[in-house]
Every structure is written in structure tokens, then in C-alpha cells.
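This report covers a single model, shown below. The text starts at one pair of residues in the sheet and works outwards to the helices and the charged pairs.

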Amino acid sequence: MTEQLPISIQPSNDLTAKFNKIKSVTNKLEAQFNFQTLTASWYGDEENILLINLYLETIEVFNTERSKSHQGNISLFSDDVFSVYQKEQPQINCFIAITPAELVLLEQQEKLLAKYLHAKLHKVLNLIAGELKLLPI
């Protein structure tokens, strides 16, 4: 039985179809960010660990998810990033759009995918850290 890591990165099926290496890139980033957040002491209470799900989406799915989310629990970080906090779990579902302009760039230069996703997701995690008063990574 494998235990769920606190941070998961889930690229959409559309993005997985466009970028052959996105799953391996996100797996590496997932491991890296889980280690960095562990060393930044994000998980003080082992009985009550916050789960953070990072969903990489196309802008269409992102907009659909944003319209479905309840306004009370939503944190809108920018026009392409929002999160929904669920107290019951505790869990944060964070939706991150890969915009049409970003898609064009990444399709033209797929070698930028790993560095680009690292930068974007790192920024998002630090926005979440700021909101939760955690140390940045």
C-alpha cells in the first residue's frame, strides 16, 4: 500500500496528449516539491497533514472549474490560478491554467516544459504558503 504524498500534481488528459513528457516532468516536480515543503516544516502535525492537489488544465477546463466553485471557499491568485480550500479533509484543490499563449510556446519549444512548469508551480506553492502563513520554499 502506498501512502499519498501531501502534494500531488495532476496534468489534464488534454495536456498529457499534447506533451508526451508531461507526466514524467510532473512526477519529478512532485517529488521535489514534497521534499522542499517537508524541509520548510509545512507538516508540523502528522495527524493533520494538509493535502495540496495541483491540477494543470487548459484554459477551457480551468474556466469551467472556476465557474463551478463556490465563491466562499475560493482564493483567486491570478487570472490563471485559483484554489478551493476544503476544511473537511483538510485539502486544497488548486487549478492552474496553461493559457493559449503558453501552450503555443510550449508546443513550439517542448524542451522548456520542465523549467516552465517548475517556475509556475513553485510560484503557486509560495502563494499558497503565504496565504497559510507557512515558510516559502
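In the sheet, Tyr55 stands opposite Phe95 in strand E5. The model is predicted, so local features need pLDDT of at least 70 and side-chain atom pairs count only at pLDDT 80 or more, whereas totals for chains, interfaces and linings use all residues. Residues are numbered from 1 along each chain as its sequence is written, and side-chain values use heavy atoms, with hydrogens and water left out.

**Sheet**

Helices (H or I, at least four residues) and strands (E, at least two) are DSSP runs numbered from the N terminus. Two strands count as paired if DSSP finds at least two bridges between them. Five strands make up an open sheet with mixed pairing, in the order E1-E2-E5-E4-E3. E1 (7–11) and E3 (74–78) are the edge strands; each has a single partner strand, so one side of each is left without a neighbour in the sheet. From one strand to the next, the twist averages 20°. Such angles run from 0 to 180 degrees between N-to-C directions, with axes being lines fitted to C-alpha atoms, for helices over the stretch in contact.

E2 runs parallel to E1, joined to it by five bridges, and the bridge partner of Ser8 in E2 is Asn53. Eight bridges join E2 to E5, and this pair is also parallel. At the other edge, E3 and E4 (residues 81–86) run antiparallel and share four bridges. Leu76 stands opposite Phe82 in E4.

Relative accessible area is computed with a 1.4 Å probe on protein chains only: under 20% is buried, over 50% exposed, and values in between partly exposed. By this scale seven of the eight residues of E2 are buried, and the strand is mostly covered.

**Helices**

Contact here means heavy atoms within 4.5 Å. Helix H2 (residues 22–39) lies across E1 and E2 (51–58), at about 160° to E1. Helix H3 (residues 59–68) lies across E2, E3, E4 and E5 (91–98), at about 130° to E2.

Helix H5 covers residues 113–132. The expected span of a helix is 1.5 Å times one less than its number of residues. For the 20 residues of H5 this gives 28 Å, and its end C-alpha atoms are 28 Å apart, which agrees. The buried residues of H5 include Leu113, Leu117, Leu121 and Leu125. In an α-helix there are 3.6 residues a turn, so residues three or four places apart point the same way. After H5 comes Lys133, whose phi is positive, near 60°.

H2 and H5 pack at an angle of about 40°, and their axes are 10 Å apart. Ile22, Val25, Thr26, Leu29, Gln32, Phe33 and Gln36 in H2 meet Leu113, Ala114, Leu117, His118, Leu121, His122 and Leu125 in H5.

**Salt bridges**

A salt bridge is a side-chain nitrogen of Lys or Arg within 4 Å of a carboxyl oxygen of Asp or Glu. The count by this rule is four. The table gives three of the pairs, including their N to O distances.

| Pair | Closest N to O distance |
|---|---|
| Lys120 and Asp80 | 2.8 Å |
| Glu102 and Lys120 | 3.0 Å |
| Glu107 and Lys18 | 3.6 Å |

Glu107 lies in helix H4 (residues 100–108) and Lys18 in helix H1 (residues 13–18), so their salt bridge ties together parts 89 residues apart in sequence. Glu107 counts as partly exposed at 43% relative accessibility, and Lys18 counts as partly exposed at 39%.

Asp80, Glu102 and Lys120 are linked in a network of salt bridges. Lys120 lies in H5 and Asp80 in the loop between E3 and E4, so this pair ties together parts 40 residues apart in sequence. Both Lys120 and Asp80 are buried, with Lys120 at a relative accessible area of 12%. Glu102 is buried at 16% relative accessibility.

**Around Phe19**

Phe19 sits in the loop between H1 and H2 and is buried, with a relative accessible area of 2%. Leaving aside residues up to four places away in sequence, Phe19 touches Leu103, Leu106, Glu107, Glu110 and Leu113. The C-alpha atoms of Phe19 and Glu107 are 7.8 Å apart in space, although the two residues are 88 residues apart in sequence.
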